[in-house]
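Good morning, everyone, and thank you for making time for this. Please have a look at the sequence and the model first, and then I will walk you through two parts of it.

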Amino acid sequence: MANKLKSKKKPLPDPVDLRPEKEEKVEVRSVLRDERTHKISGALLLLLSVFLFIAFTSYLFTWQEDQDKVFQGTSRFLFGDDIRVANLLGRLGAWVSHFFFFKGFGLASFFLCSIFFMAGANLLFGKKVFRLWRNLRYVLVGLLYFSVAFAFFSGKSAFPWGGAVGNMISEWMSSFLGKIGTGALLLLGGVAYFIWRFNPVFEVPKMPALPVRNKERNPEPVPDPTVDDADEPKLFIEETPRNKRNNLKKETGPVVPPPEIISPESIPLQMIEREDFQEPENTIPPFAEPEVPVIVPVQEVPLPPLKPAIPQADLELEIKEVTPEETPDGEVHEDLPPYEPTLDLRDYRFPSMDLLETHGSEKIVQDPAELEANKNQIINTLKNYDIQIQKIFATVGPTVTLYEIVPAAGVRISRIKNLEDDIALSLAALGIRIIAPIPGKGTIGIEVPNVKKTVVSMKTLLTADKFQHSNFSLPIAIGKKIDNENFIVDLAAMPHLLMAGATGQGKSVGLNAILVSLLYKKHPSQLKFVLVDPKKVELSIYRTIEKHFLAKLPGEEEAIITDTKKVVHTLNALCIEMDNRYDLLKEAGTRNIREYNEKFVKRRLNPQKGHQFLPFMVLVIDEFADLIMTAGKEVEMPIARLAQLARAVGIHLIIATQRPSVNIITGTIKANFPARIAFKVSSKIDSRTILDAGGAEQLIGKGDMLISYNGELTRLQCAFVDTPEVESVTDFIGRQRGYPQAFLLPEYVDEKEMEGKDFDLNDKDPLFGDAARLIVQNQIGSTSLLQRRMKLGYNRAGRLMDQLEQAGVVGPNLGSKAREVIIKTEAELDEYLTQIP
Ligand SMILES: Nc1ncnc2c1ncn2[C@@H]1O[C@H](COP(=O)(O)OP(=O)(O)OP(=O)(O)O)[C@@H](O)[C@H]1O
């Protein structure tokens with residue numbers, strides 16, 4: 001047995017094979033990357049530059065005295081303690097200065113101090129204080145040029161003006177070109193260097209103007225075609241964080257000369273370069289209800305009159321503080337843990353990112369030749385119209401490149417603006433949009449489509465920090481801006497969105513992008529969609545999430561509404577939901593859904609009194625034109641009411657249409673949809689209808705879009721999410737346990753259908769008595785009086801008025817006039833009220 005055990009024992013390792021115990025390794029790379037290493041190196045470089053500067057300056061005055069001693073030999077000089085020198089920085093200062101001045105570049109050696117200084121400052125401060133690589137070129141060329149020029153022009157002076165390098169080159173040039181040739185070349189080189197470095201503006205002195213008689217006699221000056229291109233503006237590629245990451249700078253190397261002057265114009269663009277760019281927090285001004293005309297009902301169509309625009313301020317509710325003592329049953333429930341709505345479906349798992357795909361390489365590929373060709377074409381085109389430019393910058397986006405030009409002094413921007421169409425025609429590329437001037441910048445923008453376009457994947461936007469860590473109520477990732485910044489906004493702040501574009505330009509993809517963003521961020525208890533899809537196919541993909549995220553009318557089989565009649569019912573039901581929510585908010589003494597839900601979560605509202613956690617509701621209509629054509633005002637009016645009022649109660653609208661004509665997107669609709677998206681449209685008129693500005697007709701399709709939001713017009717490349725991706729997200733959600741049924745909207749009864757039906761006095765509205773008293777006190781039988789004074793929704797006020805009619809308090813409807821009030825005094829009313837149940 002012992003033998004057996006022995007035989008199983010592992011043989012001892014050969015001592016030769018034994019490795020030394022692992023030592024803890026200090027990663028050289030991580031040391032090099034360490035911020036502290038950078039700072040220390042920066043400080044050393046700064047010290048070095050100061051050392052050189054002092055030594056060089058001192059050398060100018062002490063060189064004669066120290067030179068003999070230096071010639072005694074380096075080691076003797078440096079380490080010979082008996083040697084005394086005059087240089088302020090001792091033997092080392094004298095030796096280093098001698099080395100650079102005598103053996104190197106002479107006076108031009110001062111350039112070296114600046115390089116060490118710039119590199120040191122950048123490292124020490126950890127950011128680009130100076131543009132090092134750009135300046136390095138100036139310094140190296142300057143070092144060489146000035147050493148030669150000083151050597152040549154100083155003649156046989158004993159002071160090493162040009163150093164050994166300058167002397168050698170100048171002697172060779174003199175023997176090759178002769179003294180005169182070398183002198184001329186050096187002078188020319190000096191001028192060229194100065195222009196390259198400082199790009200001065202040369203102005204021809206103006207002749208006194210002749211009195212102008214007429215245009216024919218004094219035509220505008222024709223540009224001289226023989227004018228040299230030497231001062232042709234150079235192209236600067238904007239280094240957006242994304243461009244940087246993609247080494248675009250490297251790829252486009254030859255096209256990126258340094259800017260000659262850091263002009264004030266370039267400052268805003270430099271801001272784009274900041275790596276630490278912080279997305280501005282939502283800076284939307286407080287929502288102001290747009291003015292909506294009061295629509296007086298036409299006699300033949302007895303539709304309910306549109307509720308007049310009620311400014312948001314007027315909607316403020318009287319705040320009645322509900323103290324804990326006043327809630328449930330009079331007991332304080334502060335001791336209970338806060339209400340957690342997500343516990344309804346506590347096992348719910350949010351869709352994971354791997355359900356989405358990455359489309360294409362996501363790398364922005366920009367061909368330097370393409371950039372150069374576009375630059376030349378822009379410059380030449382502008383030259384044809386006698387517009388000279390100073391500088392040109394390029395920002396490469398996913399679909400288009402923005403060329404920003406700084407016109408030469410004296411060129412009026414209005415002239416460029418007037419020539420907009422001609423310039424676009426001359427550039428002759430599809431999708432050119434001219435922005436003259438770019439708001440807030442004073443430059444002119446020309447957007448030119450890229451030959452190779454980059455698809456912006458939804459996945460990229462959703463995985464971005466800005467989306468992941470957003471604290472928006474309803475964050476939606478729409479796309480990427482031209483500088484590759486992610487465009488992520490809060491739908492709740494928009495608060496409604498109108499989306500239009502010709503067929504096949506990316507609307508459905510855009511809608512899916514918005515819906516998918518919300519699905520990735522919201523729990524089913526926090527959000528419900530009301531989906532209207534007259535085309536019957538676009539939104540059907542979402543039917544699997546009915547029990548999680550969809551809302552529908554009671555008794556309906558399908559949650560996604562495709563029938564126009566049902567759309568009218570649904571919209572009216574949403575209006576009732578809105579009115580009910582306002583009632584709840586009023587009772588709770590809160591102003592908006594956020595305050596209400598906060599109070600509910602803190603268990604300060606009694607569920608037995610009808611209070612409940614209110615999910616956000618998003619109404620999506622995929623083809624609005626179809627609805628307006630078939631149902632007209634019946635659809636327009638509830639939409640206008642919702643758009644005017646529903647924001648505070650958490651109901652938001654997204655309306656898409658293929659036909660952006662004025663009879664579809666009416667003034668009423670437009671006034672209530674401050675945020676609008678335009679994909680490519682077929683005409684400038686359509687673009688104006690949607691955005692109140694041209695430009696959407698110049699887009700290039702496939703998700704290229706303009707968004708008018710917060711008073712700004714921004715070009716975006718819409719995020720792409722393919723149908724199979726949406727399907728996998730909805731399937732993922734649909735497979736999980738949901739609510740027993742879709743969220744039920746309130747029942748809506750068509751007023752016309754109800755006409756003539758008897759009213760049961762036992763079933764009267766709880767506000768019946770108050771309403772009757774208000775009408776009798778004022779002796780005006782008006783529904784809008786009830787709405788205004790009792791702060792009721794239109795439907796509820798209308799129902800109350802019908803009940804008052806049935807009960808004999810007021811007379812029948814008189815169209816636009818107020819109803820007759822039958823009961824004349826409050827005493828009469830009191831007596832009457834005691835008689836009914
Ligand atoms: N953001 C995008 N990125 C890349 N390609 C896109 C994008 N949006 C749309 N496309 C391309 O354009 C095609 C049409 O898009 P989409 O179906 O969204 O158009 P639409 O405007 O909804 O058309 P219709 O009104 O006829 O339904 C897509 O199949 C896709 O190939």
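I will begin with a pair of helices and then turn to a binding site.

Please keep in mind throughout that what you see is a predicted model. When we look at two packed helices, we describe them by the angle between their axes and by the distance between those axes. Here, helix H19, which covers residues 564–588, packs with helix H21, residues 624–631, at an angle of about 95°, and their axes are 10 Å apart. Since angles of 65 to 115 degrees count as roughly perpendicular, H19 and H21 are therefore roughly perpendicular to each other. On the H19 side the contact is made by Thr-564, Val-567 and Val-568, while H21 brings in Leu-627, Thr-630 and Ala-631. If we sort the residues of this contact by character, four are nonpolar, two are polar and none is charged.

Now to the binding site, which comes from an unreviewed UniProt entry and takes in Gly-501, Ala-502, Thr-503, Gly-504, Gln-505, Gly-506, Lys-507 and Ser-508. Let me pick out Thr-503, which sits in the loop between strand S8 (497–500) and helix H17 (507–521), and Gln-505, which is also in the loop between S8 and H17.

Is Thr-503 buried or exposed? Thr-503 counts as exposed, because it has 10 C-beta neighbours inside 10 Å, and the cut-off for exposed is 12 or fewer. Gln-505, by contrast, has 25 other C-beta atoms within 10 Å and is therefore buried, the cut-off for that being 20 or more. Setting aside its neighbours within four places in sequence, Gln-505 is in contact with Phe-679, Lys-680 and Gly-701.

Note on methods. Residues numbered from 1 in each chain as written. Predicted model: local features only at pLDDT ≥ 70, side-chain atom pairs only at ≥ 80, totals over all residues. Axes fitted to C-alpha atoms, helices over the stretch in contact; angles between N-to-C directions. Helix = DSSP H or I, 4+ residues; strand = E, 2+ residues; numbered from the N terminus. Parallel < 35°, antiparallel > 145°, perpendicular 65-115°, else oblique. Contact = placed C-beta atoms within 7 Å. Nonpolar A, V, L, I, M, F, W, Y, C, P; charged D, E, K, R; others polar. UniProt positions renumbered as here; feature names shortened; annotations may be inferred.
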